[in-house]
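Student: Please give me a close look at the strand pairing in this model, taken slowly and in one connected account. I would also like to know how that part relates to the interior around it.

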Amino acid sequence: MSTTVVNAGPDNQTWTGGNEPLKASYGKMMMWFFIVSDALTFSGFLAAYGFSRFKFIDSWPIADEVFTHFPFLHGVDAPMYYVAFMTFVLIMSSVTMVLAVDAGHHLNKSKVTIYMFLTIIGGLIFVGSQAWEWNTFIKGEYGAVKTKGGNILQFVDTEGHRVAIGDFAIADAHAERVQQENKNGLWFVSEGSLPSFTVEEVLSGLKANDHVLVRTQKLTEEGHKTVLSRDESIKLIQTYGVKVVEGANLQENEYGSPLFADFFFFITGFHGFHVFSGVILNIIIFFNVVVGTYERRKSYEMVEKVGLYWHFVDLVWVFVFTFFYLV
């Protein structure tokens, strides 16, 4: 029979490492625990996105064709430019946070104040940019036709450039359009808003414009979407077209698979919530710095703690940007 001997501390406790394991305070340790657990959550989201994209790899929307907008530059094709700008702003805010933490180590209140303020401004720009991107994604720009099988049919000209439905559809002034409501039909079926055109109006415009062709979700071996001939385009819309889709939501997506929109809203929204929470925390710490709370304590550790969180949300965005926008 063996006996295990445990050396107890002065207070008759088995832990003798003091109150700073790994030379970190309790607050820092708790922040690291939160970061690790949250990192696992984001990893699960990105893994789910990867599996879904791999399953529908032959029909997944191409990010360069979805995120082509830039504020105040309507009609300019700028693929990924604004997303790159958002990423740059967020990374620079992480740099200013590093400078704020370093200034705190030197008990330099004025520099901590300046760099914390710049970090907050960067965070606000990023959150505002993400809100603008959401709004643009929800509204859409070109429109598409949904088939009976749930596939999305887009429209291009003979050179392969996207064509908006509003540019060629022929509106029927005498057609009466009724919005579907729960009380008028199936209790679980309703429409948030009527699309600008009907499938019949799109079909009439397609027949009247020889330069307009239908592009399907299916990708070719070269990674481009399949463009149909004139006869195939008209036949497909006439036979299988059931609804005009404008923009994206959790059920429909003019850019392609609804799963793409679901993951976009969920992953970027969850990250945006983290950034917004970080901005609020930074504002609270900023005002504490301004009133001299940490100057009196002779310690700016709270700046360092919130800095750990801010660096984490920046790092997560790098992975989101890579997996969702670039790959």
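**The paired strands and their surroundings**

Tutor: Leu219 stands opposite Lys225, a residue of strand E4. Please bear in mind that this is a predicted model. The pairing to which these two residues belong joins E3 and E4 (residues 225–227) through two bridges, in the antiparallel sense. The hairpin of E3 and E4 has five residues between the strands, and within it Gly223 takes a positive phi near 90°.

From there we can move to the other partner of E3 (residues 213–219), which is E2; these two strands run antiparallel and are joined by three bridges. Two of the facing pairs can be named: Val156 is set opposite Leu213, and Phe155 is set opposite Val214. E3 is mostly covered, with six of its seven residues buried. E2 (residues 152–156) is likewise mostly covered, and here five of five residues are buried. Its burial involves both faces, since Ile152, Gln154 and Val156 are buried on one side while Leu153 and Phe155 are buried on the other.

E2 also pairs with E1 (residues 144–147), again running antiparallel, through two bridges. In this pairing Val145 lies opposite Leu153. The hairpin that links E1 and E2 has four residues between the strands, and Gly150 takes a positive phi near 90° there.

A helix residue comes up against this end of the strands. Tyr240 belongs to helix H6 (residues 230–240), and, leaving aside neighbours within four places in sequence, Tyr240 is in contact with Lys146, Thr147 and Lys148. Along the chain, Tyr240 and Lys148 are 92 residues apart, yet their C-alpha atoms are 5.5 Å apart in space. Tyr240 has a relative accessible area of 43%, and it therefore counts as partly exposed, because that value falls between the limits of 20% for buried and 50% for exposed.

The strands also take part in enclosing empty space. The second largest cavity, with a volume of about 30 Å³, is lined by Pro61, Ile62, Glu65, Val66, Gln154, Arg162, Arg215, Lys225 and Tyr255. You will recognise Gln154 from the buried residues of E2, and Lys225 as the residue that faces Leu219. By class, this lining is made up of four nonpolar, one polar and four charged residues.

The search of the whole structure finds two cavities of 30 Å³ or more, and the largest of them holds about 100 Å³ of space. Thirteen residues line that largest cavity, and the closest to its centre are Val66, Phe67, Thr68, His69 and Glu133. Val66 has already been named in the lining of the second largest cavity. Nine residues of the lining of the largest cavity are nonpolar, three are polar and one is charged. H3 and H4 each supply at least two residues to the lining of the largest cavity, and its largest share, four residues, comes from H4.

Phe67 leads us on to the interior packing, as it is among the residues with the most contacts inside the largest nonpolar core, a set of 51 residues, together with Met116, Phe137, Val303, Trp317, Phe324 and Tyr325. The elements that give two or more residues to this core are helices H1, H2, H3, H4, H7 and H9, and the largest share, 13 residues, comes from H9. Phe324 shows the packing at one point: not counting residues up to four places away in sequence, Phe324 touches Tyr49, Ala63, Phe67, Phe260, Phe263 and Phe264. Apart from this core lies another one, of 18 residues, which includes Val145, Phe168, Val199 and Val214. Here we return to the strands, for Val145 faces Leu153 and Val214 faces Phe155.

Finally, to set this part within the whole chain, the secondary structure comes to nine helices and five strands, which follow one another from the N terminus as α-α-α-α-β-β-α-β-β-α-β-α-α-α. Of the 327 residues, 42% count as buried. Among contacts with a separation of 6 or more, 69% are between residues 24 or more positions apart.

Notes
Residues numbered from 1 in each chain as written. Predicted model: local features only at pLDDT ≥ 70, side-chain atom pairs only at ≥ 80, totals over all residues. Heavy atoms only, no water. Core = buried A, V, L, I, M, F, W, Y, C linked by side-chain atoms within 4.5 Å. Buried < 20%, exposed > 50% of the residue type's maximum accessible area, 1.4 Å probe, protein only. Contact = heavy atoms within 4.5 Å. 1 Å grid on protein atoms, 1.4 Å probe; cavity = no way out; pocket = protein on both sides within 12 Å on 5 of 7 lines; lining within 4 Å. Points joined across faces, edges and corners; volume = space filled by probe spheres on them. Nonpolar A, V, L, I, M, F, W, Y, C, P; charged D, E, K, R; others polar. Pairing = 2+ DSSP bridges.
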